[in-house]
Every structure is written in structure tokens, then in C-alpha cells.
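Biologist: Could you take me through this one and tell me how each label was earned? I would like the reasoning as well as the result.

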Amino acid sequence: MIQRGVALFNAEQFWEAHEAWEEAWLPDRHGPERGFYKGLIQIAAGCLHYVRRNRRGAVNKWTSGRQYLLPYLPVHHGLELERLVQDVDRLLLALAEPTWREGLAMPQIQRRPDSTQP
């Protein structure tokens with residue numbers, strides 16, 4: 001389910017990625033992976049808000065998503081989360097400007113090639 005969400009996210013299908021990760025998260029919503037899934041879900045939601053030109057929603061979701069992922073840096077389940085958080089920080093900085101920034105590149109989630117994590 002994690003990799004399906006990553007593939008959807010990287011294809012900029014943010015709602016679908018959100019749903020895939022939520023499906024994976026629900027059975028363990030109170031477990032140790034809670035923040036990991038919530039972080040991915042929130043970042044996908046932030047990207048969806050950006051695409052819909054909702055600055056406030058994008059900033060709120062990206063900010064909360066990055067906070068959820070911080071304890072899992074730099075890599076978790078083979079995903080380069082540190083890089084993802086850096087990309088989100090770049091987006092937050094761009095949206096801090098007073099004018100709307102059209103066409104910002106959305107982040108991609110990279111997998112560590114030598115990872116043995118599931």
C-alpha cells in the first residue's frame with residue numbers, strides 16, 4: 001500500500017495517494033506508524049490544495065505533514081523522507097511570498113535504492 005501511494009503521489013494523483021495511504025494507516029492508526037502515514041497523507045493533501053489554488057490549505061497541510069514526518073527522518077520504509085521534507089520546506093518558502101506562485105514543482109518521493117526495509 002505504501003508503494004502504491006508513492007506511485008500515485010509521484011504521478012500527481014494526490015487524492016488517490018491520500019486514499020491509498022489512509023487505507024494502509026487505518027488498521028494501525030494508533031500504532032507506531034501513525035505519524036508516518038499521517039505525514040504522507042497531509043503532504044498529499046497539501047499538494048491537492050496547491051493544485052486547487054488554495055494557499056491556506058496547502059500551507060496548513062504541508063506544515064502539519066512535515067511535522068509528522070520529522071521523527072522518521074532521514075529514511076523510513078525505504079522512502080527518502082528527509083528529501084521530501086526539504087522539498088516541502090521549499091514550497092512553504094515559495095508560498096510565503098505575497099503573490100501567488102503558479103506552477104511550482106510538486107515534490108517526488110524517492111526510494112532509497114539499497115533499502116531492505118519493506
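Modeller: Gladly; this is a predicted model, and we can start with the aromatic rings and then turn to helix 4.

Biologist: Why is the contact between F9 and W21 called a tilted aromatic pair?

Modeller: Ring centres must lie within 6.5 Å to pair, and those of F9 and W21 are 5.8 Å apart. Their planes make an angle of 40 degrees; stacked needs under 30 and edge-to-face over 60, so the pair counts as tilted. The structure holds six aromatic pairs, and F9 and W21 also belong to one aromatic cluster with F14.

Biologist: What does the pair of F9 and W21 tie together?

Modeller: F9 sits in helix 1 and W21 in helix 2, so the pair links parts that are twelve residues apart in sequence.

Biologist: What makes F9 and W21 count as buried?

Modeller: The cut-off is under 20% relative accessible area. F9 has 1% and W21 has 0%, so both are buried.

Biologist: On to helix 4: how do you know that its length agrees with its number of residues?

Modeller: Helix 4 has 15 residues, which should span 21 Å at 1.5 Å a residue; its end C-alpha atoms are 21 Å apart, so the two agree.

Biologist: Which residues of helix 4 are buried, and how do you know that they line one face?

Modeller: They are G57, A58, W62, G65, R66 and L69. Viewed down the helix axis, these buried residues fall within an arc of 145 degrees, so they line one face. Their cover includes helix 3 and helix 5.

Conventions. Residues are numbered from 1 along each chain as its sequence is written. This is a predicted model: local features need pLDDT of at least 70, side-chain atom pairs count only at pLDDT 80 or more; totals for chains, interfaces and linings use all residues. Side-chain values use heavy atoms; hydrogens and water are left out. Helices (H or I, at least four residues) and strands (E, at least two) are DSSP runs, numbered from the N terminus. Buried means under 20% relative accessible area, exposed over 50%, partly exposed in between (1.4 Å probe, protein chains only). The expected span of a helix is 1.5 Å times one less than its number of residues. The arc is that of the directions from the helix axis to the C-beta atoms. Contact means heavy atoms within 4.5 Å.
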